[in-house]
Amino acid sequence: MTRLILASQSPARAKLLTEAGIRHEVLVSDVNEDAVQAHYGVTDAHDTALLLARAKAEAVAALPEAEGALVIGCDSVFEFDGESHGKPYTAEVARERMLRMSGSKGVLHTGHWLVDCRETAVDVDEDEIADGTGATVGSVSSAVVHFAEMSEEDIDAYIATGEPLHCAGSFTIDGLGGAFIRKVDGDPHAVVGLSISTLRDLLVHANLGITELWDANHQ
């Protein structure tokens, strides 16, 4: 049975996989996102999302616990007015961003990176069949997010919940923040933080169909 490891501490991503009936384990990387970006000098939101997803996936893939598994790393970056926005972390930053986002729109980029840590043909005896491909591939799923008009009272109440402080762009679509999103052009799963259809496409490079990861006990 093929193992899939999610290299992310995001409860939303784990919940999304669970609800999609996909068996998975969670193994969090210790990647310093700021250090990775500083090292590569990436400023474009699209490329930053992919770079960080790759860094997380490869960090977990290097751990002994990942041997024989597939590892998927993800990271989301919000592009607004030509700027890249990650997690705001503080109420002040979140408030400033949300005041600007009110009644406007931006693009949420979610990078995905898959690493196949299963044994390959060169790793085993000739009379054995290996499942591993050695694949290390990535892709970005992007969606345009349209925001409703938000009053200062709405914004302050939302920030007081703490929810937006640890979300790319200072919002969620699958939580309280969904009340302030008018519509999404693109894959809504990408806005949550992991596109199931993108994962399906990446699994092709590992010669694996997503149905092979379905949990037989999923209702």
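Reader: Is C167 buried or exposed?

Author: This is a predicted model, where local features need pLDDT of at least 70, side-chain atom pairs count only at pLDDT 80 or more, and totals for chains, interfaces and linings use all residues. Residues are numbered from 1 along each chain as its sequence is written, and side-chain values use heavy atoms, leaving out hydrogens and water. Buried means under 20% relative accessible area, exposed over 50%, and partly exposed in between, with a 1.4 Å probe and protein chains only. C167 has 16% relative accessibility, so the verdict is buried.

Reader: How many disulfides does the structure hold?

Author: A disulfide here is a pair of cysteine sulfur atoms within 2.5 Å. For C117, the closest cysteine sulfur is 15 Å off, in C74, which is too far for a bond. C167 is in no disulfide either, with the sulfur of C74 the nearest at 15 Å. The count for the structure is 0.

Reader: How many helices and strands does the chain have?

Author: Helices (H or I, at least four residues) and strands (E, at least two) are DSSP runs, numbered from the N terminus. Along the sequence they run β-α-β-α-α-β-β-α-β-β-α-β-α-α. That pattern comes from 7 helices and 7 strands.

Reader: What is the radius of gyration of the chain?

Author: It's taken over C-alpha atoms, and the globule rule is 2.2 Å times the number of residues to the power 0.38. For 219 residues the rule gives 17 Å, and the chain comes close to that, so it is as compact as a globular protein of that length, with a radius of gyration of 18 Å.
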